[in-house]
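The following exchange explains the terms applied to a structure and sets each value against its definition.

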Amino acid sequence: MLSTSCKLVIMINMNNNFLPTNSDKKRKLTEQQQAFLSALATSAKGNIKLALQEAGYADSSKYNVIDTLKDEIIDVATKILAKSAPIASQKLVEILESDD
């Protein structure tokens, strides 16, 4: 199990840098779409249902939003993994090498 300090470091590193920028994508996202992606990467911690609620989407729009933003969702997840991988891998090595 990760220590509280490790979890805090991971959470601090999770910020809006995960969001696709307009230069990354050819199409412009609406404010609601941008709010959804922001919530997905931060406060909702990857929970799509919670991110939809925070962005003001109706529960019934889940599959439509996912289909519309699938590339951006994958981009957000990829950036989270890329940014968190070094810390996560270091912690895994520490855990594996510990005597506990």
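A salt bridge is a side-chain nitrogen of Lys or Arg within 4 Å of a carboxyl oxygen of Asp or Glu. This is a predicted model, in which local features need pLDDT of at least 70 and side-chain atom pairs count only at pLDDT 80 or more, while totals for chains, interfaces and linings use all residues. Residues are numbered from 1 along each chain as its sequence is written, and side-chain values use heavy atoms, with hydrogens and water left out.

Q: How many salt bridges does the structure hold?
A: The structure holds four salt bridges, among them the pairs discussed below.

Q: What makes the pair Lys70 and Asp67 a salt bridge?
A: The N to O distance between their side chains is 3.4 Å, and the definition asks for a distance within 4 Å. The pair therefore counts as a salt bridge.

Q: Why is Lys70 called partly exposed?
A: Buried means under 20% relative accessible area, exposed over 50%, and partly exposed in between (1.4 Å probe, protein chains only). Lys70 has 44% relative accessibility, so it counts as partly exposed. Asp67, at 49%, is also partly exposed.

Q: How do you know that Lys79 and Asp75 form a salt bridge?
A: Their closest N and O atoms are 3.5 Å apart, which satisfies the limit of within 4 Å. Both residues lie in helix 5 (residues 70–97), four residues apart, about one turn of the helix. Helices are DSSP runs (H or I, at least four residues), numbered from the N terminus.

Q: Are Lys79 and Asp75 buried or partly exposed?
A: Lys79 has a relative accessible area of 25% and is partly exposed, whereas Asp75, at 18%, counts as buried.

Q: What separates Glu94 and Lys91 along helix 5?
A: Glu94 and Lys91 are three residues apart, about one helical turn. An α-helix has 3.6 residues a turn, so residues three or four places apart point the same way. The closest N and O atoms of Glu94 and Lys91 are 3.1 Å apart, and the two form a salt bridge.

Q: How do you know that the span of helix 5 agrees with its number of residues?
A: The expected span is 1.5 Å times one less than the number of residues. For the 28 residues of helix 5 this gives 40 Å, and the end C-alpha atoms are 38 Å apart, which agrees.

Q: Which residues of helix 5 are buried?
A: Glu72, Ile73, Asp75, Val76, Ile80 and Ser84 are buried.

Key:
Helix = DSSP H or I, 4+ residues; strand = E, 2+ residues; numbered from the N terminus.
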